[in-house]
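Me: I would like a close look at a single part of this model, with its surroundings brought in afterwards for context. Could you take me through it carefully, in one connected answer?

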Amino acid sequence: MSWIGRGVALLLLALATFGCGLPSEAGRSSGAAPSPITTRPSSSTAATDAVSPSEAGHTPSHLASTLPAGFPVMPGADPSRLPDDASVVARWTVPVVGSAAYDFYVKALPEAGLTIVGTYPSERAALIRFRDPGGRIWQLLAELVGDRTQVTVQTDRP
Amino acid sequence: MIARAFIGLSFALAVWLGSAGRALATDDYTLPFYDPSISLSYGVDRDPRSCYQRDWANALWADCNPHYGRVYDGHTGMDYPMPLLSPIASARHGTVIDLFEGFGTQQFGINGNYVLVSHADGRRTLYYHLAQNGARVAVGQTVSAGQWIADSGCSGQCYGAHLHFEMRAVVSGRWTSADPIFEQRFTTNPGRVPFLASYLRESNSGTEVIKRYTTVTHWVEFVNAGGRTWRNSINVGRVLLGTWNPPTRDSAFGASDWPSSWVATNVDQASVPPGSVGRFTFGLHAESPPGAYDESFNVLSNSLRWFDWSRLGSFHVPITVITNTRFDDP
């Protein structure tokens, strides 16, 4: 799937997840710690009250099939274009800056059953390596883009 | 003979060339924190070109992506993840020449809180992203290697709580970031935290039985597992054995060889480099009535920083005082 296709899938997921009565986080302060909204990879494994892509009338999207099961998406996420990089599976921005996204995921990933295997904070970006229940290693990169934080999920690389 | 001399000269030249730009690891700098479990998040990018990254091992990446545990593009220091308000140590003896601590501990922005220390070798070390009011030193203050100088935070341009430690040196008349790992500026390689020890053995690992009004001699040995040399002179970074639980408690077993009521002894040797064994010998004098007692001790550096007691085997000396029939009433 091209980045456009994946971007559309992400947009659909975002609309399905956040467009159904959930409050916008646009006004949240940068230091706030929003609670997670959990994605579901398919209707067969759905176990939360969040609206899944399949429930929104779409075939489980590329995003849902590639992100680890139960991956938490921060409230207020807006999808972004995916780069021409096959290792990148999802990208969005959230209306926070600084450590908020990093702090959110350090807490939310383990709660979602995803094991953190390394945290790498810095001035430019924060990277979290985590393992899904199947043993696959992923990377989450949170970095400043404009006045928001861009979150990228990608397969592991050195 | 000439051929052998030529080979030897060639080898020496090769060694010299190979070490060019590097400093010999001496009692120079140490890691600027105390927790030995902390590991590097990103190091210095030694390639000035945009989207070219060269780490301390000369590994090169021709991309703009961060490479965890190694380097990210344009990075001028070393990032060490640590919880907020972790203690930060001076990497070397020096003088505080600047600091700022007005940002919030987790306030994001261009600037952040920092302490800047100048060292006798002409270099400077910068400790960045500190907590609000996190400096434990003042401008103009002299600090010792390993001294607790600040508390960590995530102020300024910060994604995730960490310390940005940066070494600067004047190169061609300009302040330039240096790479302490590549230059082997740390006392040990890989670098170690300044003060750490592990228990090795002692003269009597059981109970010291002391006849009342008499003194026994006890010694304990610890391995210097940190990055600083231990010394027994107060002028150059004394390491001593003091009472513990609570610290600096007046001991009921202090002997005449104790420097003070809570200091059992300085380290015996004049110098204990990293990796070597330091011995602490002290007397235990019993004035207390017959009975069972327990004295805990910990190691203190520079009168500033206690060691991790658990790594010292929670060092303590069980003592049983017995009746001295010569002086005690039957």
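Reply: Two strands are taken to pair if DSSP finds at least two bridges between them, and strands themselves are DSSP runs of E that span at least two residues, numbered from the N terminus. Please keep in mind throughout that the model is predicted.

The part I would single out is the end of a sheet in chain A where S3(A) meets S4(A), the latter covering residues 88-94; these strands run antiparallel to one another and are joined over two bridges. Within this pairing, Pro79(A) has Trp92(A) of S4(A) opposite to it. In general, the strands of a sheet are held in register by backbone hydrogen bonds, whether they are parallel or antiparallel.

The sheet as a whole is open and has six strands, which follow one another in the order S3-S4-S8-S7-S6-S5 in chain A, with antiparallel pairing. Its edges are formed by S3(A), residues 78-79, and S5(A), residues 115-120, each of which pairs on one side only.

Stepping back to the chain that holds this sheet, chain A contains three helices and eight strands, and their succession along the sequence reads α-β-α-β-β-β-α-β-β-β-β. Of the 158 residues in chain A, 51% are buried, while the area that chain A exposes is about 6800 Å², with 55% of it supplied by carbon and sulfur atoms. Where contacts in chain A link residues at least 6 apart in sequence, 51% of them join residues at least 24 apart.

For context outside this chain, two residues of chain B can be set beside each other. Ser152(B) lies in strand S9(B), residues 148-152, and it counts as buried because its relative accessibility is 1%, which is under the 20% cut-off. Its side chain reaches the backbone oxygen of Pro83(B) at 3.0 Å, and the residues in contact with Ser152(B), beyond its neighbours within four places in sequence, include Met82(B), Pro83(B), Leu84(B) and His129(B).

Tyr52(B), by contrast, is placed in the loop between helix H1(B), residues 2-18, and strand S1(B), residues 53-54. With a relative accessible area of 31%, Tyr52(B) is partly exposed. Leaving out residues up to four places away in sequence, Tyr52(B) touches Asp45(B), Asp47(B), Trp61(B), Ala62(B), Asp63(B) and Asp73(B). The C-alpha atoms of Tyr52(B) and Pro190(B), which are 138 residues apart along the chain, have a separation of 25 Å.

Note on methods: Residues numbered from 1 in each chain as written. Chains lettered and ligands numbered in written order. Predicted model: local features only at pLDDT ≥ 70, side-chain atom pairs only at ≥ 80, totals over all residues. Heavy atoms only, no water. Helix = DSSP H or I, 4+ residues; strand = E, 2+ residues; numbered from the N terminus. Buried < 20%, exposed > 50% of the residue type's maximum accessible area, 1.4 Å probe, protein only. Contact = heavy atoms within 4.5 Å. Areas by Shrake-Rupley, 256 points an atom, 1.4 Å probe, with all protein chains shown as cover. Polar contact = N/O pair within 3.5 Å; in protein donor to acceptor, adjacent residues only side chain to side chain.
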